[in-house]
Amino acid sequence: MGSHASDRRSGRVIAIDGPAASGKSSVARELARRLGFIYVNSGGFYRAITWYLLGKNIRPEENDLIAAALDAAALTCTVTDNESRILVNDMDPANHLRDDRVNETVSRVSRLARVRQIVSQKLHDCAAARDVVIEGRDIGSVVFPDSPYKFYIDASPEVRLKRRAAQGERDEIAMRDHDDVSRAVSPLVIAADAYVIDTSRVTIEQVVNEILTRLGQKGLPSSDVHITDARAR
Ligand code: CDP
């Protein structure tokens, strides 16, 4: 009577969830580097899909057109320099993922059940046979609920606004937060077993160290020990 969930993948998953501009990307990327895990930005999948639909002039309300367009598109997750990269029909949208119009539209695309289903499957594919740090909104709560390594990264709304402005982006984060928290499918929530960290007054380095300490308590190495994949040569 073994658990089937654990048969689905062989890699370990560290889930980092939180609202926009909470610092989770920087934290997740640095954590992955320190552990020698692959860094996966699940928001990038939603952004790539949004970019693709915008290019086809399909609006977020057009559910049927979206489903048909996505069924016909090849969405591929590759890994370059220890980070995931998403290709849509072999095109790499990396330089467009943070365009204003993608920022404006992504939360309305990500609320669609079909879109979430596709991204969730891609994330499982990506995590199969790899150790990964995945950041997003529902990674610990919905996509990898069995992961014992869940973190929720937060910061005050004022700090988050300032951070996004400092990045030079036009991004209505309050509106996106509202959409992400209030949607029917997989809303942004704090998983019951997530460890919550407020990054308003601490550095990325301090947050990463706190996470590494916590992971060490849970049996994952807490220093810069490089964990190598047994298959890597
Ligand atoms: O980097 P930032 O926090 O601004 O956002 P992101 O992680 O790139 O995510 C962009 C949008 O994708 C979010 O506002 C959500 O609407 C959606 N998203 C999601 O619904 N679920 C995830 N696991 C990740 C992102």
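Colleague: What distance separates an oxygen atom of the ligand from an N or O atom in the side chain of S110, and why is the pair called a polar contact?

Modeller: The two atoms are 2.8 Å apart in the model, and a polar contact is a pair of N or O atoms within 3.5 Å (within protein, one must be able to donate a hydrogen and the other to accept it, and residues adjacent in sequence count only if both atoms are side-chain atoms), so the S110 pair qualifies. This is a predicted model, in which local features need pLDDT of at least 70 and side-chain atom pairs count only at pLDDT 80 or more, while totals for chains, interfaces and linings use all residues. Residues are numbered from 1 along each chain as its sequence is written, and side-chain values use heavy atoms, with hydrogens and water left out.

Colleague: Which residues come nearest to the ligand, and what makes a residue count as near?

Modeller: A residue is near if one of its heavy atoms lies within 4 Å of the molecule; of the 20 residues around the ligand, R47, R116, R164, R176 and D180 come nearest. A polar side-chain atom of R116 lies 2.8 Å from a ligand oxygen, and for R176 a side-chain N or O atom is 2.7 Å from an oxygen atom of the ligand.

Colleague: How do you know that R170 and D100 form a salt bridge?

Modeller: Their closest N and O atoms are 3.2 Å apart, and the rule asks for a side-chain nitrogen of Lys or Arg within 4 Å of a carboxyl oxygen of Asp or Glu, so the pair meets it. By this rule the count comes to 17 salt bridges. The R170 and D100 pair links distant parts of the chain, 70 residues apart, with R170 in the loop between α7 (157-166) and α8 and D100 in helix α4 (residues 100-109), where helices are DSSP runs (H or I) of at least four residues, and strands (E) of at least two, numbered from the N terminus.

Colleague: What are the bounds of domain 1 and domain 2, and how many residues does their contact take from each?

Modeller: The domain assignment gives domain 1 (12-37 + 131-219) and domain 2 (43-129). The contact (heavy atoms within 4.5 Å) takes 20 residues from domain 1 and 20 residues from domain 2. Between the two domains the count is four salt bridges.

Notes
Domain bounds come from an automatic or database domain assignment.
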